[in-house]
Amino acid sequence: MIQRQAALDMLAENKTPASLLQHALASEVIMRALAVRFGENEDLWGLTGLLHDLDYPTTAENPARHGLDTADILAGKLPEEALTAIRAHNAEMNGASAPACRFDYALRCGETVTGLISAAALMRPTGMEGMEVKSIKKKMKDKAFAASVCRDNIRQCAEAGLELDEFLALSIEAMRTHSAELGLSK
Ligand SMILES: [Fe+2]
């Protein structure tokens, strides 16, 4: 399996812009926390979160390839279950099989919730500090807030095996712990 530094180098080589790198790092810390929660492979889940949007700089205009190209690039570098989860995270657009197992659903809900939590942190005077589950739940109901973030994907945490409250608490805590690296500390 690829090492973390090599994964970061690949993101740099693929010209990952700063905002996308922040999303990748946030997805990584949430996936690591989910792996710990479920007793799964923390490095595998973390690397999958970190690399899931690797192709985005070249597929943003071609969503039918988003996820498929990343899986092709990472063949042999990550196990097949990770490539399947990466394809499935954009299944609606790329025609791959829909999420079907805990790992697939974890990537879907984990990578999606980063957008909501980051947007909320940027609006708060204290950043991630003191952020509560109930305020993120309120933002989920406010369709105008971070409107591009798919609420249904976040709710798929249920398919991964977590109630929404626990999933949000785990995600907030993971991003709070790493708020400096994520550019979210005040
Ligand atoms: Fe993503």
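The following questions and answers concern the iron site and one helix contact in a predicted model.

Visitor: Which residues coordinate the iron ion?

Guide: The donor residues follow the sequence spacing H-x28-H-D-x57-E. Their distances to the iron ion are 2.0 to 2.1 Å. The donors are His-23 (NE2), His-52 (NE2), Asp-53 (OD) and Glu-111 (OE).

Visitor: What arrangement do the four donor atoms around the iron ion make?

Guide: Four donors count as tetrahedral if all angles lie between 85 and 135 degrees. Here the angles run from 91 to 168°. Because of these angles, the arrangement is irregular.

Visitor: How many residues apart are Asp-53 and Glu-111?

Guide: Asp-53 and Glu-111 are both donor residues of the iron ion. Asp-53 sits in the loop between α3 (42-51) and α4 (56-59), while Glu-111 belongs to helix α8 (residues 102-123). The pair thus links distant parts of the chain, and the separation is 58 residues.

Visitor: Is Glu-111 buried or exposed?

Guide: Buried means under 20% relative accessible area. Glu-111 has a relative accessible area of 12%, so Glu-111 is buried.

Visitor: What is the orientation of α8 and α9 to each other?

Guide: The axes of α8 and helix α9 (residues 133-141) come within 10 Å and cross at roughly 110°. Angles of 65 to 115 degrees count as roughly perpendicular. The two helices, α8 and α9, are therefore roughly perpendicular.

Visitor: How many residues of the contact of α8 with α9 are nonpolar?

Guide: On α8 the contact involves Leu-116, Ile-117 and Ala-120, and on α9 it involves Ile-136, Lys-139 and Met-140. Among these residues one is charged and none is polar. The number of nonpolar residues is five.

Conventions:
Residues numbered from 1 in each chain as written. Predicted model: local features only at pLDDT ≥ 70, side-chain atom pairs only at ≥ 80, totals over all residues. Heavy atoms only, no water. Donors = N, O, S within 2.8 Å, 3.2 Å for Na, K, Ca; no water. Tetrahedral: all angles 85-135°; square planar, octahedral: opposite > 155°, others 65-115°. Helix = DSSP H or I, 4+ residues; strand = E, 2+ residues; numbered from the N terminus. Buried < 20%, exposed > 50% of the residue type's maximum accessible area, 1.4 Å probe, protein only. Axes fitted to C-alpha atoms, helices over the stretch in contact; angles between N-to-C directions. Parallel < 35°, antiparallel > 145°, perpendicular 65-115°, else oblique. Contact = heavy atoms within 4.5 Å. Nonpolar A, V, L, I, M, F, W, Y, C, P; charged D, E, K, R; others polar.
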